[in-house]
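Biologist: I'd like to walk through this one with you before I head back to the bench. Can you show me what we're looking at?

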Amino acid sequence: MELTLPHDLSPWGMFRAADIVVKAVMIGLAFASLVTWTIWLAKSLELFGGKLRIRRAVRAIGEAATLKQASRTLDRSGGPGALLVRAAEEETALSAGALDHVSGDGLKERVTSRLSRIEAAAARRMSRGTGVLATIGSTAPFVGLFGTVWGIMNAFIGISQAQTTNLAVVAPGIAEALLATAMGLVAAIPAVVIYNVFARSIAGYRQILADAAAGVERLVSRDLDFRTVAPATPLAAE
């Protein structure tokens, strides 16, 4: 029996000649790679817009003299910065009747509690989807390795059936197996890198959220200190 080395050893040719199991592995890894880059694009845009909004909110909160002034500045803007200000304003309004009889410590605690929940919800929302990257980065190499093992196993079965060690019998199966390994790495490496980049970026986003919450707490504390000041003062007039 004459055996010749196959001419079509391109990635597409190897995919077409691969076993159904190896094909399924390759298709799964290609889909995982597509998911990785889709998440990268969507999350990059989301992080860029989120950081832009929260930085504007931090700037507006820092420039405001009172909570009401910050609320007017952020009245038409969305995002967690405006939510932080509105939550503090709502809690202050609910506690207004008791402020003449008790200290403002209870109000400060309630405002801090509400702000921390808004921070946590915004951080969770921004982290959504990154877990998929971690899963792909940790499992894709092993999925590719499974395709490799299966391809090599088929190669040895071909050697046994042909009763020859001719390279023409061994090469296709080995090539297909190595292609599965390569696709596993192609899916895993970008997923791990992108996950780490997003982890650092989300940590920075959380820090900006914390700055915004701290600014709101300062405004609440300032309003409490000046609530008995005569309206003639510039701060009370705000």
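Modeller: Let's start with a term: a residue is buried if its relative accessible area is under 20%, exposed if over 50%, and partly exposed in between. Keep in mind that this is a predicted model.

Biologist: With those cut-offs, is Trp 150 buried, exposed or partly exposed?

Modeller: The relative accessibility of Trp 150 comes to 28%. Buried would need under 20% and exposed over 50%. So Trp 150 counts as partly exposed.

Biologist: Trp 150 pairs with Phe 146, so is that pair stacked, edge-to-face or tilted?

Modeller: These two sit 4 residues apart in helix 6, so about one helical turn separates them. Phe 146 is partly exposed too, at 42% relative accessibility. The ring centres are 6.1 Å apart and the planes meet at 40°. Planes under 30 degrees apart would be stacked and over 60 edge-to-face, so this pair is tilted.

Biologist: How many aromatic pairs does the structure hold, and what kind is the one formed by Trp 37 and Trp 40?

Modeller: There are 2 aromatic pairs in the structure. Trp 37 and Trp 40 are 3 residues apart in helix 2, which puts about one helical turn between them. Trp 37 is partly exposed at 43%, and Trp 40 is partly exposed at 38%. With centres 5.8 Å apart and 80° between the planes, the Trp 37 and Trp 40 pair is edge-to-face.

Biologist: Let's go to the nonpolar core. Which residues touch the most other members of the largest one?

Modeller: That core has 34 residues. Elements that give two or more residues to it are helix 2, helix 3, helix 4, helix 5 and helix 7. The members with the most contacts to other members are Val 216 and Val 220.

Biologist: Which helix gives the most to this core?

Modeller: Helix 7 runs over residues 167-225. Its share of the core is 12 residues. The helix that gives the most is helix 7.

Biologist: Which residues does Val 216 contact, leaving aside neighbours within four places in sequence?

Modeller: Contact here means heavy atoms within 4.5 Å. Leaving out those sequence neighbours, Val 216 is in contact with Ile 61, Leu 67, Leu 84, Val 85, Ala 88 and Leu 115.

Biologist: Leu 84, Val 85 and Ala 88 are in that list. Which residues of helix 4 are buried?

Modeller: Helix 4 has 15 residues and spans 21 Å from first to last C-alpha, close to the 21 Å expected. Its buried residues are Pro 80, Gly 81, Ala 82, Leu 84, Val 85, Ala 87, Ala 88 and Glu 91.

Biologist: How far apart are the C-alpha atoms of Pro 80 and Ala 122?

Modeller: Ala 122 is found in helix 5 and is buried at 2% relative accessible area. Not counting neighbours within four places in sequence, Ala 122 is in contact with Pro 80, Tyr 205 and Leu 209. Pro 80 and Ala 122 are 42 residues apart along the chain, with a C-alpha separation of 6.6 Å.

Biologist: Last one, back in helix 6: what does Ile 152 touch beyond four places in sequence?

Modeller: Ile 152 lies in helix 6 and counts as partly exposed at 29%. The C-alpha atoms of Ile 152 and Leu 178 are 8.9 Å apart. Setting aside residues up to four places away in sequence, Ile 152 touches Ile 174 and Ala 177.

Technical notes: Residues numbered from 1 in each chain as written. Predicted model: local features only at pLDDT ≥ 70, side-chain atom pairs only at ≥ 80, totals over all residues. Heavy atoms only, no water. Core = buried A, V, L, I, M, F, W, Y, C linked by side-chain atoms within 4.5 Å. Buried < 20%, exposed > 50% of the residue type's maximum accessible area, 1.4 Å probe, protein only. Phe/Tyr/Trp six-rings, centres within 6.5 Å; stacked < 30°, edge-to-face > 60°. Expected span 1.5 Å × (residues − 1).
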